[in-house]
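Welcome, and thanks for taking a look at this one with us. Please open the structure below and keep it in view as you read.

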Amino acid sequence: MTKKEIASYIDHTLLTPQAGIKQIVLLCQEAIRYGFASVCVNPIYVSSAASELSGSDVKVCTVVGFPLGATTTVAKVAEACDAIRNGADEIDMVINIGAAKDGRISEVATDILDVVIACKNEGQKIGKNIIVKTILETCLLDDKTIVSVCQAAKKAGADFVKTSTGFAAPKAIDGTLLPNGASEHHVKLMRETVGPEMGVKASGGIRSARTAITMLEAGANRIGTSSGVSIMDNWNEDIPVKI
């Protein structure tokens with residue numbers, strides 16, 4: 001796989017609360033230089049990113065209900081529509097994680113559906129097909145729940161299911177922090193559940209070319225990472241990737 005090919009799978013991400021405008025501008029410049037699929041920024045920077053990326057093929061991605069997923073559906077819809085009006089091409093929304101853990105999948109499904117409908121309708125007004133990704137926060141869910149949420153997201157018309165925010169802090173009984181990002185197991189499970197026609201985004205903890213390859217081979221077709229430049233600079237085009 002060439003560097004150009006791997007770049008087309010990467011959402012170049014900067015979602016830290018301390019990120020400033022100079023960092024966002026640099027993020028956009030790097031995305032153009034390397035040919036990344038998108039930049040993923042917090043909603044406050046959508047308009048700035050859209051301006052910086054104007055005329056390029058790089059999309060603007062932002063997050064909704066981030067990182068907890070615990071805002072109301074009405075708030076998520078408003079946030080998503082505002083982002084689209086400001087120039088967003090892709091919306092990564094966090095599901096209602098508490099409802100998912102309770103087994104209230106119908107509430108999760110309604111939350112996703114309302115956001116998907118709002119995004120598609122808002123995009124239609126301006127001639128855009130808005131891509132909607134649903135963030136599951138897989139480190140907090142068991143396999144059965146992950147399958148149920150993936151099925152709900154697919155039925156709701158979401159374009160992608162996504163593993164993680166990268167901001168969760170799961171702990172063992174003794175208080176030890178547990179992994180909070182994408183795993184090969186979860187990506188495989190999500191791909192098996194949604195089939196070939198839906199996107200799977202792996203995000204959280206992907207900091208090396210080797211990890212990116214693992215996620216792609218597991219079934220991901222988008223990689224969310226803040227280490228895109230490092231991955232590209234260390235990419236060996238001679239390494240076979242089975243996707």
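Here is a short tour of a pocket, two helix pairs and two backbone details.

Please bear in mind that this is a predicted model. Its largest pocket holds about 380 Å³ of space. Two helix contacts are described as well: helix 4 with helix 6, and helix 7 with helix 8.

**The largest pocket**

- The pocket has about 380 Å³ of space, and 20 residues line it.
- Closest to the pocket centre are T165, G166, G204, G205 and S226.
- Three strands each give at least two residues to the lining: strand 1 (10-14), strand 7 (199-203) and strand 8 (222-225).
- Sorted by class, the lining consists of 13 polar, 4 nonpolar and 3 charged residues.

**Helix 4 with helix 6**

- Helix 4 covers residues 73-85 and helix 6 covers residues 105-125; their axes come within 9 Å and cross at roughly 25 degrees.
- Angles under 35 degrees count as roughly parallel, so helix 4 is roughly parallel to helix 6.
- The crossing of this pair is right-handed.
- From helix 4, the contact uses T73, K76, V77, A80, C81, I84 and R85.
- From helix 6, the partners are D111, D114, V115, A118, C119, E122 and G123.
- The contact of helix 4 with helix 6 divides into 7 nonpolar, 5 charged and 2 polar residues.

**Helix 7 with helix 8**

- Helix 7 (143-156) packs against helix 8 (residues 184-194) at an angle of about 45 degrees, and the two axes are 9 Å apart.
- That angle makes helix 7 oblique to helix 8.
- Here, too, the helices pass in a right-handed crossing.
- On the helix 7 side, D143, I146, V147, C150, Q151 and K154 take part.
- They meet H185, H186, L189, M190, T193 and V194 of helix 8.
- By class, the contact of helix 7 with helix 8 comprises 6 nonpolar, 4 polar and 2 charged residues.

**Backbone details in loops**

- Which residues does a cis peptide bond join? The pair is F66 and P67, with omega about 0 degrees.
- P67 sits in the loop between strand 3 (59-64) and helix 4, the helix that crosses helix 6.
- E137 has a phi near 60 degrees, a positive value in a residue other than glycine.
- You will find E137 in the loop between strand 5 (131-135) and helix 7, the helix that packs with helix 8.

How values were computed:
Residues numbered from 1 in each chain as written. Predicted model: local features only at pLDDT ≥ 70, side-chain atom pairs only at ≥ 80, totals over all residues. Heavy atoms only, no water. Axes fitted to C-alpha atoms, helices over the stretch in contact; angles between N-to-C directions. Helix = DSSP H or I, 4+ residues; strand = E, 2+ residues; numbered from the N terminus. Parallel < 35°, antiparallel > 145°, perpendicular 65-115°, else oblique. Left-handed = near helix turned anticlockwise from the far one by under 90°. Contact = heavy atoms within 4.5 Å. Nonpolar A, V, L, I, M, F, W, Y, C, P; charged D, E, K, R; others polar. 1 Å grid on protein atoms, 1.4 Å probe; cavity = no way out; pocket = protein on both sides within 12 Å on 5 of 7 lines; lining within 4 Å. Points joined across faces, edges and corners; volume = space filled by probe spheres on them.
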